[in-house]
Amino acid sequence: MAYAAALDRERWREVLAALVDVSGATGAQLLSGKRIKGESLVSIGIDPAEDARYNQYYGAIDPLPQMLGTLEAGGILSCREAIARDDTRHSPFFIEWADPNHVSDAVFLRLSSSSDPLCALALGHPYRDTPFLRPALRAYLAVVGPHLVNAFDISRRLERASLEGQACQACFDQLGRGWMLVSATCHLRDINQTGRLILDEEDGLRLRQGMIEAIDPAINAHLLKSVAAGTGMRFAAADFGRPFEISRASGASPYMVSMMPHQTPDGWFNQGCDHVAIMITDPAREEQHLMHALRNDYGLTIAEAQVALRVRGSRGLRQVALERGVSLSTTRIHLQRVFEKTATHRQSELIMLMSSLSAPPRTGNL
């Protein structure tokens, strides 16, 4: 059951219920020490309203999470052992929350290592003459504890990998760029939101039977060859890594495609394999991103941002003025204001600034 919870965090509730049944506890919580206070992530046998009160206020004055900081993973601590009863009798935490909820003689099992943020299981029990942490319960927790610690570590690692992957994809989304991870045969393995939108439009690229495919046959052949080169299947390395364009039936500006190799390492149950990360730049989306950044980060007006974007396209000021239907003097005034607001002094500096705003993030192997 614990290892099932490692793969599905909703099943930690079942783990708590089983521990309550075996131990005779009145309630149980999965506690986190985030934000320098106790926080109940999951609970059993505690009224939801009381659980909410713990998170809103009483977790901040609960003395036990701080005392767990010295324990290693798998360590066991009894409330009775940690705090003298005389000290707790007049504590607001015990008088107002722990005693009314019949959990004041709690037993804690630390799940996280001492170098990581606190996470622990708490088994609550009323304070009575006989300690709740009996020898039999201590022996039981000593047996199941290592399994619970391992399950928590698996759950934590999976969540961290998922969150880091989401953060990486979000970076590309914020830049208006598509990101796709494909196998040697161009089968899709992962994709960000912008990449999904690009495929859904089927304007130059599409997803067919799980494979990324360029609609133009000649471009698709080049795409397949480039991906194969990137995964080391065949072809010379010189065939890989060169950006290329994918034309679009709509007549919109072509996608600019670049690739980077990505290798997953061997694991116990997974053989390492080669993938290719495909970055897709849609000029229209990138221009929208730059327009947003220039206006929000530097306070440019729409007209000023339009001039900056056209200058980035290596257009001369006369051509920019002609395209926008304004005079050359007005265009020069707009450009001067752009320089002032962006703390740049010449067009080359402005172009470098905008390139930094549109550059993809550097992340690990990608």
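These points cover the nonpolar cores, the salt bridges and one helix pair of a predicted model.

1. Local features need pLDDT of at least 70 and side-chain atom pairs count only at pLDDT 80 or more, while totals for chains, interfaces and linings use all residues. Residues are numbered from 1 along each chain as its sequence is written, and side-chain values use heavy atoms, with hydrogens and water left out.

2. The largest nonpolar core (buried Ala, Val, Leu, Ile, Met, Phe, Trp, Tyr and Cys residues joined through side-chain atoms within 4.5 Å; buried means under 20% relative accessible area, exposed over 50%, partly exposed in between, with a 1.4 Å probe and protein chains only) has 28 residues. Helix α8 (135-174) is among the elements that give two or more residues to this core, and α8 gives the most, with seven. Helices and strands are DSSP runs (H or I, at least four residues; E, at least two), numbered from the N terminus.

3. A second, separate core has 21 residues, including Phe-244 and Ile-278.

4. There are 10 salt bridges (a side-chain nitrogen of Lys or Arg within 4 Å of a carboxyl oxygen of Asp or Glu). Arg-138 in α8 and Glu-81 in α5 are 57 residues apart, yet their closest N and O atoms are 2.7 Å apart. Arg-138 is partly exposed, at 35% relative accessible area.

5. Arg-248 and Asp-282 also form a salt bridge, at 3.0 Å from N to O, and both are buried. Asp-203 joins these two residues in a network of salt bridges.

6. Helices α12 (302-312) and α14 (328-342) pack at about 90°, with their axes 9 Å apart. Axes are lines fitted to C-alpha atoms over the stretch in contact, and angles run from 0 to 180 degrees between N-to-C directions.
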